[in-house]
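Subject: A structure for you to look at

Hello,

Here is the structure I promised to pass on. Please open it alongside this note, and I will walk you through what turned up.

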Amino acid sequence: MNLFRISWSNLKDKPLSSFLSGLLMTLGITIISLLLLLNKQLDDQFKKNIKGIDMVLGAKGSPLQLILSSIYQIDAPVGNIPLDEAERLTRNPMIKTAIPLSMGDNYRSFRIVGTNKKYLDHFEATVGQGQLFREDMECVIGIRVAEATGLKIGDTFAGSHGLDAEGEEHADKKYKVTGILNPSNTVADQLILTNVSSIWAIHDHGHDEHEGEEAHAEGEDHNHDHEATAEEDHEHEEHREITSMLIQFRNPLGMMLARGINSNSKLQAALPNIEINRLFELLGVGVDTLQYLALAIIIIAGISVFVSLYNSLKERKYEMALMLSMGATRTQLFGMLLLEGLVLALIGFVLGLLFSRLGLWGLSASVAGQYHYNLAAFGVLREEWFILVAAILIGLVAAALPAIGVYRMNISRTLAEE
């Protein structure tokens, strides 16, 4: 007697009931699986990009915003800071490296970041094609930038002011692509990197043109122009600004610097580990709530399986009594009912994993379009095998409770009643 075939036939005979039980099981597993996948992806992305960055130095404001904009490139910068002040604060012997960042422009929503080679070294990003930028207005682009924009080595483009593609274009000065980075699975994959002086050149150029027009309109003489320009250039040199600095300490004692900077300077020192942990704690409340909701749905699915099989057992009493009279054992019938619960649990698990991957793919496409982050990693997580075990146990317990009735069945009375 093929118990599996009989169990499958029984499930098909009650399509609506079986569908409802399977749907609830699938829905609960989908929610839990998707949350696990998202948590793993976000955790990996956040930890990989934050590794080796002990402090971010920037303008006063939200420390979380400073970290999100400077490390993950997913928020607007807090503001600019004087380069000379930042360099003075980072001359402390407890600071190992200080990487300057200058932001504010984009190309087709990919951010243009002024920095130096230390930034690439920090994220272990290497140039796969071409070479690193050497002169002003040269740049290297991340692999996702190259794929999305079609830019190649030797191509030129004009950046737009701001962090979205709708900003005013700096058409008077264009960047030249000198290199394309190898994939690093870090934030560098989605950036256009150049030197800091290129960012200054872009924004100072517009300022100089404006000043030149005013001087011409006022009819100032040549000597006075020359003196004013020299004085202005000297002032610009003293007041060069950057957006932030990524700091790495020589040892954990460097953490003490943050308090002193925040108390005794006009700049802000934000500690990534503290702020990101705080962010995950806030997100964790919502994630835990959804997980509890999904678990409740799975338990409801188990109750649905129980009710379905209980009603099915009452309706099939005569059939089962007949099978017993023809030589089937009660244990075989008990196993047949358990198989029905097991099949529903396995179907729910497989479909739940499938739908969670489809959900992750959809979210990844949405996030990639807005933030250029790739969340699509579809491998089965270790925690998901625990979900399988839990689903099987719920399915078996839900099936076992009504199946016990097989052992209390009176064969002769059941046959006589029909």
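One definition will help before we start: a crossing of two helices is left-handed if the near helix is turned anticlockwise from the far one by less than a right angle, and right-handed if clockwise. Please also keep in mind that this is a predicted model.

My tour centres on helix 2, which covers residues 15–50. Helix 2 has 36 residues and spans 51 Å from its first C-alpha to its last, close to the 52 Å expected at 1.5 Å a residue. After helix 2 comes Gly 52, with a positive phi near 85°.

How does helix 2 pack against helix 13 (residues 382–403)? The angle is about 165° and the axes are 10 Å apart. Angles over 145 degrees count as roughly antiparallel, so helix 2 is roughly antiparallel to helix 13. Their crossing is right-handed. Helix 2 brings Met 25, Ile 29, Ile 32, Ser 33, Leu 36 and Leu 37 to the contact, while helix 13 brings Glu 383, Glu 384, Ile 387, Ala 391 and Ile 394. By class, that contact has eight nonpolar, one polar and two charged residues.

Helix 2 also packs with helix 3 (residues 63–72), at about 80° and with axes 10 Å apart. That makes helix 2 roughly perpendicular to helix 3. Here Gln 45, Phe 46, Asn 49 and Ile 50 of helix 2 meet Leu 68, Ile 71 and Tyr 72 of helix 3. Five of these residues are nonpolar, two are polar and none is charged.

Finally, a word on confidence. The chain has a mean pLDDT of 81, with 84% of its residues at 70 or more. Over residues 206–238, however, the pLDDT is below 50. Where pLDDT is low, the predicted coordinates should not be read in detail.

Enjoy exploring!

Notes:
Residues numbered from 1 in each chain as written. Predicted model: local features only at pLDDT ≥ 70, side-chain atom pairs only at ≥ 80, totals over all residues. Heavy atoms only, no water. Axes fitted to C-alpha atoms, helices over the stretch in contact; angles between N-to-C directions. Helix = DSSP H or I, 4+ residues; strand = E, 2+ residues; numbered from the N terminus. Parallel < 35°, antiparallel > 145°, perpendicular 65-115°, else oblique. Contact = heavy atoms within 4.5 Å. Nonpolar A, V, L, I, M, F, W, Y, C, P; charged D, E, K, R; others polar. Expected span 1.5 Å × (residues − 1). pLDDT = per-residue confidence, 0-100.
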